[in-house]
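Colleague: I should like to learn how to read an interface between two chains. Would you take me through one, please?

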Protein chains: 2
Amino acid sequence: MSRYNAVTDAIIKELQNIVGAKFVFSDAERMEPYSHDEVTDPKYVKMPEVVVLPENAKQVAEIVKLANRELLPIVPRGAGTGLASGAVPFKGGIVLALERMNKILEFDTENMFMVVEPGVTTAEVQKAANERGFLYAGDPCSGDSSFIGGNVATNAGGNKAIRYGTTRQQVNGVELVTPEGEIITLGGKCKKDATGYSLLNLVIGSEGTLGVVTKAYLKLVALPKNAMDLLAVFPDLKTAIAIVPKITAAGITPTTIEFMDNEAIKTVEVFLNEKLPHSDKGYYIIVTVEGDNEDTLEEQCGFIDELCGQNGALEVLVADPVKIWKARKSYAEADRARSLIFSMEDIVVPVNDIPRAIEEIAELSKKYGNIAIHCAGHAGDGNIHANILKDDMSEEEWHEKLPALQGEIYRMVYALGGKLSGEHGIGYKRVKLLEEYANPVELKLMRNIKKSFDPNLIMNPGKVIEV
Amino acid sequence: MSRYNAVTDAIIKELQNIVGAKFVFSDAERMEPYSHDEVTDPKYVKMPEVVVLPENAKQVAEIVKLANRELLPIVPRGAGTGLASGAVPFKGGIVLALERMNKILEFDTENMFMVVEPGVTTAEVQKAANERGFLYAGDPCSGDSSFIGGNVATNAGGNKAIRYGTTRQQVNGVELVTPEGEIITLGGKCKKDATGYSLLNLVIGSEGTLGVVTKAYLKLVALPKNAMDLLAVFPDLKTAIAIVPKITAAGITPTTIEFMDNEAIKTVEVFLNEKLPHSDKGYYIIVTVEGDNEDTLEEQCGFIDELCGQNGALEVLVADPVKIWKARKSYAEADRARSLIFSMEDIVVPVNDIPRAIEEIAELSKKYGNIAIHCAGHAGDGNIHANILKDDMSEEEWHEKLPALQGEIYRMVYALGGKLSGEHGIGYKRVKLLEEYANPVELKLMRNIKKSFDPNLIMNPGKVIEV
């Protein structure tokens, strides 16, 4: 028997009283978009009982109190661009969609902060910052549509993490509605804080299981005036990745170092119908350097060019940023176009173990009957997006092979000191995997934390950790 | 009645069996240095029942298990350079001194990490990194003697936080002995991690109340090849601080922006017996810029010089770094020399509120009979070290006036959106203040977290939060 109650007509009435009838709906057609995220496997689809669109923190708090009192699951949702089914209501209940809370509340140029509601897209934040001569350094690949609230929930990474860190480093405070419906502010505009446990950092990356973020204080940094992109093509991945520590140890901190394996390049080429350099046998390293002084950037690019040449590159090209980034960012789309159902793994290993991890993945691909596994990702921080493609496999074969293959991949990753997820999160998709691979003491501590924030276990239940 | 038991001869015997008789002592003379930190007020001194010096994590775990079984308070201790009495055994019990765990375990240049034991000093870490061409960016003012373990425990800040962040941003993983004696690793060498709640970030800054850090994975960054220091002298603090956002918003990220008020400068001048520029009426802003390209640095300094000139500076000097940093770093020592007993506040406010906070502190100084309050600190991140001096006040007057004055200061700080502590931590000294000023919901969550890590409340009890 479920620990939760069902959403009744009386509950829907109460929800309507809180947000207005217009912003509560429970018909299948309107709820459909809220029944999944970017994961296309039907296994990860589940219809809400009701969708509610609050306008402010006070309404969020009232809805959460109602859910807590009535033992209803409540699932906070941003733009639905997640890749771990973290915003899908697998235990039914209320989907709390934050799309109406989409205002930029404050732009504080003196202290260099923006204060925003959770439903502002990452791209809007970036744009607003740029227009005033600042940079918001969070930059997940889904940034055009992802919400800041979701970025905070998953501690989103992305392309600039090597230089600026993940979302955690961009967030200086949040307003949080706790699972018991209290509104609190953690952090804020102080640039330093040693005032007790960092609840802020605990909430960042907790995937909506410890409360609902209703406001975020985002750090701004100086906007670099110039950028240059290089595409270095290598004959194999080992040689390609070996260049990363050589660049950083030389005192250059690129904004970005990305990689694509040859299979990924070929698939993107087909998808874009556009010739990509050395696609027959090349492995890409894409480097972006940014700064104010153009001479310095040219010097850095010259140095990287020479370094790559000395270390086995087939060719180093000054890249057209639009073209090369379109290729890199189309990686997931290209795989989806080839195989609607695929599993995007988000493994992370120490940077110098990327080649070994990818070699072992190639071996596993063979072992499982040449199942297609493409690899691309963030070379600068060891984050590999390995896409395992269903292609024309039967449902049955897929659901039999996938977990076994993932098991072998994750055992290998943990043996290298790696982790399940670099930036997509555990969500619902990886709950069982976390139970299997994390240290039991760590799991115990996480469960205790979950219970202490959310005694009735109503907040995004079944995500991150089962209690 | 205390919830804790006393340390008996049988316990001492057991401790000797774990670490060897040589490394357990309970005579007053040898224990004296472990009875206080840098806080000189006798109110913050308390003798341990026994001091134990373990050699490795296994021994730490055995000692913690013993303490947990026998209900003995256990207080982890680094170098004792704390300023919040966080390592003093106010509830008696065992002081766990980590000074023998002082090895640099690994230097991983490829992944850019150092792995160290907690008893390595910050200065040794910095030196080892520099010798290999890297920078360890953690840099608390006490760095010459403070231990890395203590830096992690307090999330130490320091002079480079404006560019590189506090200790939190330098630590990618820890090995932790939990309050129940389990040894776990949180984080490690992966540069990204979205694998469940960030227990690592919860432990950083928890001041030894959630476990004992027995190993730290420290990030290395590129070592800037050049540095330049500027001393800008202003006629008042408001004008001085107003320069900070102008510098950063112009796209310059100095490594350091410090300030000293006129009283602080005068006291340091007396202490060092050395003439300081414009000490009659000047307020200092000290800026350090670092980078590889000397031309760029000169350009930046030229720009800052001009900016300061246009915005009210009396004079801008290219500073002798040795001299100016000696002055800045002597701030606490100079006040201690003048008044052995003084209270160093560690308030933090949004950067643009520093002048207002300091004006109000000056008003309060008058209101309390011209009690001497000096201010200096980290202008770049809003962190003000306000030293309240006892001078020749009677004990009685001091203990009557101080809490009342602090009360007024903290109410003002919180009204500005500030916090109790920017980098020194809550320790024992600020437990009551935290209870008074933090949000009750936050306090409840912190208490729950403490209980869930440490059900018997043996780990550094009475620090951060009373349960």
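**Reading the interface**

Modeller: Across the interface of chain A and chain B, the rule finds ten salt bridges, a salt bridge being a side-chain nitrogen of Lys or Arg within 4 Å of a carboxyl oxygen of Asp or Glu. One of them joins the side chains of A:K444 and B:E180 (3.2 Å, N to O). This is a predicted model, in which local features need pLDDT of at least 70 and side-chain atom pairs count only at pLDDT 80 or more, while totals for chains, interfaces and linings use all residues. Residues are numbered from 1 along each chain as its sequence is written, chains are lettered from A and ligands numbered from 1 in the order in which they are written, and side-chain values use heavy atoms, with hydrogens and water left out.

Colleague: Which elements give two or more residues to the side of chain A that touches chain B?

Modeller: Helices (H or I, at least four residues) and strands (E, at least two) are DSSP runs, numbered from the N terminus. Here the elements are α7 (167-170), β9 (183-187), α8 (199-203), α9 (237-249) and α17 (440-453) of chain A. Of these, α17(A) gives the most, with ten residues.

Colleague: How many residues does each chain bring to the contact, and what area is buried?

Modeller: Contact means heavy atoms within 4.5 Å. Chain A and chain B each bring 81 residues. Buried area is the accessible area (1.4 Å probe) that two parts lose on being put together, summed over both. Between chain A and chain B it is about 6100 Å², with carbon and sulfur atoms giving 59%. In chain A, the residues that lose the most area to chain B are A:K192, A:T195 and A:Y197, together 16% of what that side buries.

Colleague: What rotation superposes chain A on chain B?

Modeller: Two copies of a chain are related by a rotation about an axis and a shift along it. Copies are superposed by least squares on the C-alpha atoms of residues with pLDDT of at least 70 in both. For chain A and chain B, the rotation is 180 degrees with 0.0 Å of shift along its axis (RMSD 0.0 Å). That is the relation of a two-fold axis. The same surface serves both copies, as 100% of the contact residues of chain A recur in chain B.
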